[in-house]
Amino acid sequence: MNAALRAKAILVEPLAEWVKIEQETGDPAYVLSHYVVLLALVPAVFSFAGVCLIGVVVPGAGTVRAPLFDGLFGAIFGYVLTCASVLLLGLIVDLAAPLFGGRRDFDSAFKLAVYSFTPVWLAGIFLLLPGLRFLTLTGFYGAYILWRGLPRLMKSPERKSQTFAGMIVVCAFALTYAAAVMQRIVFGTPGL
């Protein structure tokens, strides 16, 4: 699998890409090692560069940068938490599927969680400059991608997919927020 081509396809043509993804074998270890580990680097690297190398302009104090040690280990910690969060989100999708008329299948649930997280990871580019951090909200495009993939991968009825997607988005936001808070508490650096 070419991660760059898959990311582009899921962003540009999510409906067509979900058809392809549905037909692929769903080995979570393969998806984790060939897609997640690459895309999860984007927010980690750009956040590190933003807080340690570029810094933040603070009125009266000038440019403030995080110490390299804190920034580096904060980025590593955030990277690991991001990978764990998407794995946990796949488990949540799998467990919640029957509540929304879908079928349980962890492999499909994990693929759904991973590929719908693509915009969130790519929006990590905006962590480079403090003035652009608000653009990380473009990651919410993942909610649309998720909603379009639910009927395909989890076999949930169309009428329940919107509610199912809403529940998953809330869980994903909570996991992402918790990871960022933990990173800030442990290392004092802005997370995700």
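This report walks through some helix contacts, a pocket and a handful of residues in a predicted model.

## How α1 meets α2

Let's start at the beginning of the chain. Two packed helices are described by the angle between their axes and the distance between the axes. Helix α1 covers residues 3-12 and helix α2 covers residues 14-23. Their axes come within 6 Å and cross at roughly 130°. That angle makes α1 oblique to α2, because oblique is the class for angles that don't count as roughly parallel, antiparallel or perpendicular.

Which residues do the touching? On the α1 side they are Arg6, Ala9, Ile10, Leu11 and Val12, and on the α2 side Pro14, Glu17, Trp18 and Ile21. Sorted by class, this contact has 7 nonpolar and 2 charged residues, with no polar ones.

## How α1 meets α3

Helix α1 also packs against helix α3, which runs over residues 28-39. Here the angle is about 75° and the axes are 10 Å apart. The two helices are therefore roughly perpendicular to each other, since angles from 65 to 115 degrees fall in that class.

From α1, the contact uses Ala3, Arg6, Ala7 and Ile10; from α3, it uses His34, Tyr35, Leu38 and Leu39. By class, that gives 6 nonpolar residues, 1 polar and 1 charged.

Have a closer look at leucine 39, which sits in α3. With a relative accessible area of 8%, leucine 39 is buried, because anything under 20% gets that label. Setting aside residues up to four places away in sequence, leucine 39 touches Ala3, Ala7, Thr118, Trp121 and Leu122. Take one of those partners, alanine 3: leucine 39 and alanine 3 are 36 residues apart in sequence, yet their C-alpha atoms are 7.9 Å apart in space.

## Tryptophan 18 and its many partners

Tryptophan 18 belongs to helix α2. Is tryptophan 18 buried or exposed? Its relative accessibility is 0%, so tryptophan 18 counts as buried.

Once you leave aside neighbours within four places in sequence, tryptophan 18 is in contact with Ile10, Lys111, Leu112, Tyr115, Ser116, Ile145, Arg148, Gly149, Arg152 and Leu153. The pairing with leucine 153 spans quite a stretch of chain: the two are 135 residues apart along it, while their C-alpha atoms are separated by 7.7 Å.

## The largest pocket

Now for some empty space. Rolling a probe the size of a water molecule over the atoms shows where empty space is left. The largest pocket has a volume of about 720 Å³. Its lining is made of 32 residues, and those nearest its centre are Val120, Thr136, Phe140, Phe173 and Thr176.

Five elements give two or more residues to this lining: α5 (68-96), α6 (106-116), α7 (118-122), α8 (141-153) and α9 (158-187). Which one gives the most? That is α9, with 9 residues. By class, the lining of the largest pocket has 22 nonpolar, 9 polar and 1 charged residues.

## Around the start of α9

Serine 161 lies in helix α9. At 0% relative accessibility, serine 161 counts as buried. Apart from residues up to four places away in sequence, serine 161 touches Trp147, Leu150, Pro151 and Ser156.

Lysine 155 is in the loop between α8 and α9. With 36% relative accessibility, lysine 155 counts as partly exposed. There's a twist in its backbone worth spotting. Most residues other than glycine have a negative phi, and most peptide bonds are trans. Lysine 155 isn't a glycine, but its phi is positive, near 60°.

## Two more partly exposed residues

Aspartate 27 is found in the loop between α2 and α3. Its relative accessibility of 42% makes aspartate 27 partly exposed. Compare its position with that of tyrosine 177: the two are 150 residues apart in sequence and 28 Å apart in space, C-alpha to C-alpha.

Leucine 41 lies in helix α4, which covers residues 41-54. With a relative accessible area of 38%, leucine 41 is partly exposed too. Leucine 41 and valine 80 are separated by 39 residues in sequence and by 9.7 Å from C-alpha to C-alpha.

Note on methods
Residues are numbered from 1 along each chain as its sequence is written. This is a predicted model: local features need pLDDT of at least 70, side-chain atom pairs count only at pLDDT 80 or more; totals for chains, interfaces and linings use all residues. Side-chain values use heavy atoms; hydrogens and water are left out. Axes are lines fitted to C-alpha atoms, for helices over the stretch in contact, and angles run from 0 to 180 degrees between N-to-C directions. Helices (H or I, at least four residues) and strands (E, at least two) are DSSP runs, numbered from the N terminus. Angles under 35 degrees count as roughly parallel, over 145 as roughly antiparallel, 65 to 115 as roughly perpendicular and the rest as oblique. Contact means heavy atoms within 4.5 Å. Ala, Val, Leu, Ile, Met, Phe, Trp, Tyr, Cys and Pro count as nonpolar, Asp, Glu, Lys and Arg as charged, and the others, Gly among them, as polar. On a 1 Å grid over the protein atoms alone, a cavity is a set of points where a 1.4 Å probe fits but cannot get out, and a pocket is an open set with protein on both sides within 12 Å along at least five of seven lines; lining residues have an atom within 4 Å of a point. Grid points are joined across faces, edges and corners, and a volume is the space filled by probe spheres set on the points. Buried means under 20% relative accessible area, exposed over 50%, partly exposed in between (1.4 Å probe, protein chains only).
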